[in-house]
Amino acid sequence: MPADRSAEQSSLDLELLRLIAKQGRRVPYPVGLSALALALMSTSVVPVGLAFGWLVAVYAVLALRWWMLGRLPEMHEEPLTHRIRWAIGLSLLNGTVFAASLGVAPWLTDFQRTVQTIVLLGLCAGAVATTAGHRVVFQAFLWPVTLANALAWGLGGMSGEDAWLDVLLASLIIFFALILVSLAKDTYRVFAESVLIRQQQIKSNQQLRQALSQAESAMAAKTRFLASASHDLRQPMHTLSLFGAALAKRTMDEEGNLIVSQMNLALQSLSSQMDALLDISKLDAQVVPVNNQVFALQPWLSRLQREFQPSAQRKQLVLRLDCPPNACVESDPVLLERVVRNLIDNAIKYTQKGEVAVEVSQSQDEGLWRLAVRDTGMGIPEHEQARIFEEFYQVGNPERDRAKGLGLGLSIVTRLVDLLDLHLALRSVPGQGSSFTLNVTAADPADIPCWTCTWPCGRCRARAPASPSM
């Protein structure tokens, strides 16, 4: 704590010096004009040379303060305590010079003395701001001026009919000085709090930047590990799959066939999980290129329907496709296919009866086609709908059964959707099913390359190259 307190105080002192130096460059102009007015007023009762001699002394002190205060924040070879003492000494010297102007007060008229008092007390009030209310720096200027002022009025009230009024004015000057001391205390407290808050913000920002850097490093390390591990394991997995397929062709008893069948299912599951890990690592590393092109949705989705039909039939589900024949979009067909594949696979996995429907319809915005994958499955509770897009999170799999996958499918989907600059919306009601909707940019069928088009116009067969390069 003492070390922290010392560091905080050092920070406050340095900021105080900077503020005083900044104000010290502005103060000489109004203060110099005020001193000139006092000198001109005093020429009516003292020799001009004496009045302007005092004025020269004021300007000399202002110039010294202007030069010295400007250097204090940069005098790093000097301890802060010494620099603060310099600021106090300069403030005391300034207050003493202005207090000297009250030497002519007994010979001034009451009006002139009043003007003189107003000017000097005004300078004291301004010193609250120019010193940030620092107790010693401020009072080093305040007390020489106010005490001399009160003394001038008090001594002048020792005789005459209005003596009581002069004594009252002297008392009011002291009272005003005490009020300024209280205001200065509050001003310095606000100044200290603002400096410490700013320092804390700087420290917090540095910690946040450091934490962000560490998180980015950890993410990069995770990405490299996943990419390396999934790549290195791919070859032995491929070998094991070949051995499993070879074993399945051999004649074995019923128990042997069951073992081989379960082994091949486990290998397929492991291969799928490694593919998901590799996809995540590539997407995190931002090495997946986007190749947009125009293509028709109906034949593209029909192929996916045929591929997933056996999986749906095994669970006695209806896999339905509803897509207008003129639906054409502009996107990356490979990446978009991975999105739709994951959505259809999830829909089949979490649906026990009913249907899984892939529906394409015209969006209210004519520049978009709405592609939805809807199921009649278990649905997703509202409090879990945000979490399903997290890595390794699966609804209804608290035991983390790896036979049900790693829970990376929707995480991959969100990354791909962001990469393709698409919008993915989810609507789900527990017990009634879920619907994932994508809005894809619509395109003109005429822009489809001829050799990839399935439009029944005949021009594709007429123009298609003998061996198109895909």
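**An open mixed sheet and two positive-phi residues**

Strand 4 (residues 355–362) and strand 5 (residues 368–375) run antiparallel to one another, with 7 bridges joining the pair. Within this pairing, Val358 sits opposite Val373 of strand 5. The model discussed here is a predicted one.

The two strands belong to an open sheet of 5 strands, ordered 2-4-5-7-6, with mixed pairing. Strand 2 and strand 6 (423–429) make up the edges, each pairing on one side only. From one strand to its neighbour in this sheet, the turn averages 15° when direction is ignored. A helix also comes into the picture: helix 9 lies across strand 2, strand 4 and strand 5, and its direction is at about 175° to strand 2.

The link from helix 9 (297–314) to strand 2 (318–322) is a loop that holds Gln316. Backbone geometry is worth a look at this point. Most residues other than glycine have a negative phi. Gln316, though not a glycine, has a positive phi, near 55°. Gln316 counts as exposed because its relative accessible area is 72%, and the cut-off for exposed is over 50%.

Ala132 is another non-glycine residue with a positive phi, here about 55°. Its setting is the loop between helix 5 (110–130) and helix 6 (135–156). Ala132 has a relative accessibility of 3%, so it counts as buried, the limit being under 20%. To put the two side by side, Ala132 is buried, whereas Gln316 is exposed.

How values were computed. Residues numbered from 1 in each chain as written. Predicted model: local features only at pLDDT ≥ 70, side-chain atom pairs only at ≥ 80, totals over all residues. Heavy atoms only, no water. Helix = DSSP H or I, 4+ residues; strand = E, 2+ residues; numbered from the N terminus. Buried < 20%, exposed > 50% of the residue type's maximum accessible area, 1.4 Å probe, protein only. Pairing = 2+ DSSP bridges. Axes fitted to C-alpha atoms, helices over the stretch in contact; angles between N-to-C directions. Contact = heavy atoms within 4.5 Å.
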